[in-house]
Amino acid sequence: MVKQTIQIFARVKPTVRKQPQGIYSIDEDENVTPSLEIILPRDLADGFVNNKRESYRFKFQRIFDQDTNQETIFENIAKPVAER
């Protein structure tokens with residue numbers, strides 16, 4: 001019998017300043033599973049119809065934003081696994 005299911009975490013990687021920043025939002029409401037929404041705006045300058053999706057939403061057990069340091073990642077993800 002399985003004691004615990006596989007946990008999925010996300011970490012938003014900081015971008016290089018020369019590259020354009022991605023548009024994303026993190027929803028960490030206590031009543032629902034945390035979700036990460038990524039928005040890819042359509043390029044209307046091409047002059048043709050673009051029917052691609054603009055918004056993508058993914059759910060994770062926990063989401064770490066760009067300002068999270070490596071020590072926090074270790075304490076929350078790797079250390080509990082290593083202590084078993």
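The paragraphs below go from the whole chain to one pair of aromatic rings.

The model shown here is predicted, and the protein chain has an average pLDDT of 81, with 76% of the residues scoring at least 70. Among the elements of the protein chain, strand S2, which covers residues 23-27, has the lowest confidence, with a mean of 87, whereas strand S5, made up of residues 62-64, has the highest, at 93.

The protein chain contains 1 helix and 5 strands, and when these elements are read along the sequence they give the pattern β-β-β-β-β-α. If we look at the contacts in the protein chain whose separation is 6 or more, 49% of them join residues that are 24 or more positions apart.

Turning to the surface, we find that 13% of the 84 residues of the protein chain count as buried. The protein chain exposes about 7500 Å², and carbon and sulfur atoms supply 53% of that area.

How many aromatic pairs does a search of the whole structure find? The search finds 1, and this aromatic pair is formed by Phe9 and Phe64, whose rings lie 6.3 Å apart from centre to centre, with 35° between the planes, so that the pair is tilted because its angle is neither under 30 degrees nor over 60. Phe9 belongs to strand S1 (residues 9-11) and Phe64 to strand S5, and therefore the pair ties together parts that are 55 residues apart in sequence.

Is each of these two residues buried or exposed? Phe64 is buried, because its relative accessible area is 2% and the cut-off is under 20%, while Phe9, at 26% relative accessibility, counts as partly exposed.

Key. Residues numbered from 1 in each chain as written. Predicted model: local features only at pLDDT ≥ 70, side-chain atom pairs only at ≥ 80, totals over all residues. Heavy atoms only, no water. pLDDT = per-residue confidence, 0-100. Helix = DSSP H or I, 4+ residues; strand = E, 2+ residues; numbered from the N terminus. Buried < 20%, exposed > 50% of the residue type's maximum accessible area, 1.4 Å probe, protein only. Contact = heavy atoms within 4.5 Å. Areas by Shrake-Rupley, 256 points an atom, 1.4 Å probe, with all protein chains shown as cover. Phe/Tyr/Trp six-rings, centres within 6.5 Å; stacked < 30°, edge-to-face > 60°.
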